[in-house]
Amino acid sequence: MAVRKDTLFEQFLAPVFKFLINQPELERFYRRIDWEQERDRLRDPNLVYPDYYQSQNFHGIEGGYLTTGAAVSYDPVTQYALPPNETWVRQGLVDAIQGNPRRILDLGCGTGSTTILLKMAFPQAEVIGLDLSPYMLIVAETKARQAGLQIEFRHGQAEQTGFADSSFDLVSASLLFHETPSEIAQAVLQEGFRLLRTGGEILILDGNQKTLRHTEWLTNIFEEPYIQEYAAGSLDGWMGRAGFGAIRTDEWWWLHQISRGVKPILDTQPDAPPGTGVQLNPVDWSHGLPELA
């Protein structure tokens, strides 16, 4: 795993993380897996990696997430990079869900940390995790299997999933949008809107855009090629343009934010702008179709 040495992370934080991380344990985990065989099993042979993804060295790692090194090191580093506690931060997204979804799609699921929390919170739901990196999916599958959870992990693009229209009750994304250009973030939200049933909700956990705008040093610590573009944007605005209603973003542990939107009933007026239809609370689909007042 080749790592750039000129990043702030590698110069100042990497030595600290190397002290905290159990390197022999990581080495044992790495050697237990036939990475090429598992990659080929999970990889969609028809998928073409988008340039914004394969051309960037996320976190200073050459090859970014399309490497075994990134997949093996992601969880050990992230547990210290999401203060005050990674599980608490991710659980905030799960706790913000207001419905009782039966089918859940976790976009950009990575190593499956939030996906697993979703399945634990809704054990009767069908939960699917989608990610562009087959190596990250290998780790996600391993973690789900160890937890005794039945989760489907699929190789694919968040902005072009291939799933049917209106086929999910909940779409979620954790720490995805700061790693995409703004036009891709908009496309992901439009795809999420397409995938949701009426009354379904979208939940997004990511960096606090307001905090990032006013603390530029935070955007320079890790090599995140799109984080400044993300910080300058407005997730609420992107969600509104995608058609979502009942949009709300709340600060979460200062450094993070949780955003939520609902797919509304479309207004019957032909010229009504996106997001202005009748708003519904999230639907509990386990009791059949909702009754409208």
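How many helices and how many strands are there in the chain? In this predicted model, the count comes to 13 helices and seven strands. Of the 293 residues in the chain, 54% are buried. Contacts reaching far along the sequence dominate the tally: taking contacts with a separation of 6 or more, 72% link residues 24 or more positions apart. As for the outside, the accessible surface of the chain is about 14200 Å², and carbon and sulfur atoms hold 51% of that.

Three helix pairs are worth walking through, starting at the N-terminal end of the numbering. Helix 2 (residues 23-31) and helix 5 (residues 68-81) have axes that come within 11 Å, crossing at roughly 135°. An angle over 145 degrees would count as roughly antiparallel and one of 65 to 115 as roughly perpendicular, so helix 2 and helix 5 are oblique to each other. Helix 2 goes past helix 5 in a right-handed crossing. On the helix 2 side the contact draws on Leu 26, Phe 29 and Tyr 30, and on the helix 5 side it draws on Thr 68, Val 72 and Pro 76. Sorted by class, the contact of helix 2 with helix 5 has five nonpolar residues, one polar and no charged.

Past helix 5, the chain has a backbone oddity to show. The peptide bond from Pro 83 to Pro 84 is cis, and its omega is near 5°. Pro 84 sits in the loop between helix 5 and helix 6.

Helix 6 (residues 86-95) then pairs up with helix 7 (residues 113-121): their axes come within 10 Å and cross at roughly 55°. That angle makes helix 6 oblique to helix 7. The crossing of helix 6 and helix 7 is right-handed. Helix 6 brings Glu 86, Thr 87, Arg 90, Gln 91, Leu 93 and Val 94 to the contact, while helix 7 brings Ser 113, Thr 114, Leu 117, Leu 118 and Ala 121. The make-up of the contact of helix 6 with helix 7 is mixed, with five nonpolar, four polar and two charged residues.

The third pair takes in helix 9 (residues 182-195) and helix 13 (residues 235-242), which pack at an angle of about 50° with their axes 9 Å apart. Helix 9 is thus oblique to helix 13, and the crossing of helix 9 past helix 13 is right-handed. From helix 9, Ser 182, Ala 185, Gln 186, Leu 189, Gln 190 and Phe 193 meet Leu 235, Trp 238, Met 239, Arg 241 and Ala 242 of helix 13. Seven nonpolar, three polar and one charged residues make up the contact of helix 9 with helix 13.

Helix 9 and the loop leading to it deserve a closer look. Pro 181 lies in the loop between strand 4 (168-174) and helix 9. Is Pro 181 buried or exposed? With a relative accessibility of 6%, Pro 181 counts as buried, because the cut-off for buried is under 20%. Setting aside neighbours within four places in sequence, Pro 181 has contacts with Tyr 52, Tyr 226 and Glu 229. Pro 181 and Glu 229 are 48 residues apart in sequence, yet their C-alpha atoms are 6.9 Å apart in space.

Further along, helix 9 holds Ala 187, a residue that is partly exposed at a relative accessible area of 23%. The C-alpha atoms of Ala 187 and Glu 159 are separated by 5.4 Å, although the two residues are 28 apart along the chain. Gly 192 is in helix 9 too, but its relative accessible area is 0%, and Gly 192 is therefore buried. Not counting residues up to four places away in sequence, Gly 192 touches Val 171 and Phe 244. Between Gly 192 and Ile 202, ten residues apart in sequence, the C-alpha to C-alpha distance is 7.3 Å.

Two further residues catch the eye for their backbone angles. Ser 166, though not a glycine, has a positive phi of about 50°. Ser 166 belongs to the loop between strand 3 (152-155) and strand 4, and at 35% relative accessibility it is partly exposed. Trp 254, another residue other than glycine, has a positive phi near 65°. The loop between strand 6 (245-252) and strand 7 (256-262) is where Trp 254 is found, and its relative accessible area of 44% makes Trp 254 partly exposed.

Technical notes. Residues are numbered from 1 along each chain as its sequence is written. This is a predicted model: local features need pLDDT of at least 70, side-chain atom pairs count only at pLDDT 80 or more; totals for chains, interfaces and linings use all residues. Side-chain values use heavy atoms; hydrogens and water are left out. Helices (H or I, at least four residues) and strands (E, at least two) are DSSP runs, numbered from the N terminus. Buried means under 20% relative accessible area, exposed over 50%, partly exposed in between (1.4 Å probe, protein chains only). Contact means heavy atoms within 4.5 Å. Accessible areas come from the Shrake-Rupley method with a 1.4 Å probe; for residues, only the protein chains shown count as cover. Axes are lines fitted to C-alpha atoms, for helices over the stretch in contact, and angles run from 0 to 180 degrees between N-to-C directions. Angles under 35 degrees count as roughly parallel, over 145 as roughly antiparallel, 65 to 115 as roughly perpendicular and the rest as oblique. A crossing is left-handed if the near helix is turned anticlockwise from the far one by less than a right angle, and right-handed if clockwise. Ala, Val, Leu, Ile, Met, Phe, Trp, Tyr, Cys and Pro count as nonpolar, Asp, Glu, Lys and Arg as charged, and the others, Gly among them, as polar.
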